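Reader: Could you walk me through this model, one question at a time?

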Amino acid sequence: MKVMSMRTMSSSGPARSRGLAMIFALIALAVLTTGAVALIRSIDTGAMAMGNLAFKQSALNSSSVGTDAAIGWLDGQTQLMAANPGQLDQDNPAAGYYATAMDALDPTGNSVGTARVQALVDWDRTNCLVNGKNVAPAACIQPSNPVQVGSDTVRYVITRMCSSLGSSFNAVPPNSCATGPMPDAKDSTSKNTGQGYSDYSQSSAPANPYYRIIARTVGARGTVSYTETLVSYPPDPNKS
């Protein structure tokens, strides 16, 4: 009987090589995909940040328009003071005007959630509700009617920097008001300009009080901006 022998040739070597190559290719593909996703997300984040900065700048620009509207309202009131000298001595909530400094006022609402909730501004006309809840502020004051600047909505509050209602001139008892630098006693025409906020004084002398204008702008994507401006009315006859 003739015995025939057969040899079996193994092909495991080439198959194993092809399997490892596939694994490395998949790993490389996963790394490249992860890098591409991270790159796209970083670009999206950068574009979003730039967009938010643009919206913020737009809101700040709109706030200046609201401040101008508040100054225009003050101008109108001072023109009426010849017939009614007490035009700015009392609150006018419908116009967003208050004749006292309101030291406890929190225009941004940062005191909400703390042990001492201060006076708030009802910017959204919700009776100062926060997230639908009554936070019981010390006071809830009304802002002006909205000033529309494109897609931005601006409201403002004006507070006279005085300790109490009534006249800021020759009041009895004296009404302490924040005023600018007084003219030099030796020269009634002295301008005394270029003074900083630290130079403002509390004085019962018959000087023009300062008015604080707080403007709030709500813009695109819920952007909210606050600005604050100090102005003096009526104009000082010793200043040009």
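Reader: Thanks! Is Arg125 buried, exposed or partly exposed?

Author: Happy to help; a word on the ground rules first. This is a predicted model, in which local features need pLDDT of at least 70 and side-chain atom pairs count only at pLDDT 80 or more, while totals for chains, interfaces and linings use all residues. Residues are numbered from 1 along each chain as its sequence is written, and side-chain values use heavy atoms, with hydrogens and water left out. Buried means under 20% relative accessible area, exposed over 50% and partly exposed in between, with a 1.4 Å probe and protein chains only, so Arg125, at 38%, is partly exposed.

Reader: Which residue in the loop between β3 and β4 has phi near 60 degrees?

Author: Strands are DSSP runs of E with at least two residues, and helices are runs of H or I with at least four, numbered from the N terminus. Arg125 is in the loop between β3 and β4, and its phi is near 55 degrees, a positive value in a residue other than glycine. The residue with phi near 60 degrees, also positive and not glycine, sits in that loop and is exposed at 60% relative accessibility: Asn127.

Reader: Which cysteine forms a disulfide with Cys128?

Author: A disulfide is a pair of cysteine sulfur atoms within 2.5 Å, and the structure holds two. Cys128 lies in the loop between β3 and β4, and its partner is 12 residues away in strand β6 (residues 140–141). Cys128 is buried at 4%, whereas the partner is partly exposed at 32%. The sulfur atoms are 2.1 Å apart, and the partner is Cys140.

Reader: What is the handedness of the disulfide between Cys162 and Cys177?

Author: The sulfur atoms of Cys162 and Cys177 are 2.0 Å apart, and both residues are buried. Cys162 lies in the loop between β8 (152–160) and β9 (177–179) and Cys177 in strand β9, so the pair ties together parts that are 15 residues apart in sequence. The torsion about the S-S bond is about 105 degrees, so this disulfide is right-handed.

Reader: Which element supplies the largest share of the largest nonpolar core?

Author: A nonpolar core is a set of buried Ala, Val, Leu, Ile, Met, Phe, Trp, Tyr and Cys residues joined through side-chain atoms within 4.5 Å. The largest one has 16 residues, of which Trp73, Leu74, Ile158 and Ile213 touch the most other members. Helix α1 (12–80), β8 and β11 (210–218) each supply at least two residues of this core. The largest share, four residues, comes from α1.

Reader: How buried is Ser144, as a relative accessible area?

Author: Ser144 is in the loop between β6 and β7 (147–149). Leaving aside residues up to four places away in sequence, Ser144 touches Ala95, Gly96, Arg125, Arg155 and Tyr156, where contact means heavy atoms within 4.5 Å. Ser144 is buried, with a relative accessible area of 2%.

Reader: What is the volume of the second largest pocket?

Author: A pocket is an open set of points on a 1 Å grid over the protein atoms alone, where a 1.4 Å probe fits, with protein on both sides within 12 Å along at least five of seven lines; lining residues have an atom within 4 Å of a point. Of the 16 lining residues, Gly109, Val121, Trp123, Leu129 and Val130 lie nearest the centre. Strands β3 (119–121) and β4 (129–130) each supply at least two lining residues. The volume, the space filled by probe spheres set on the points, is about 240 Å³.
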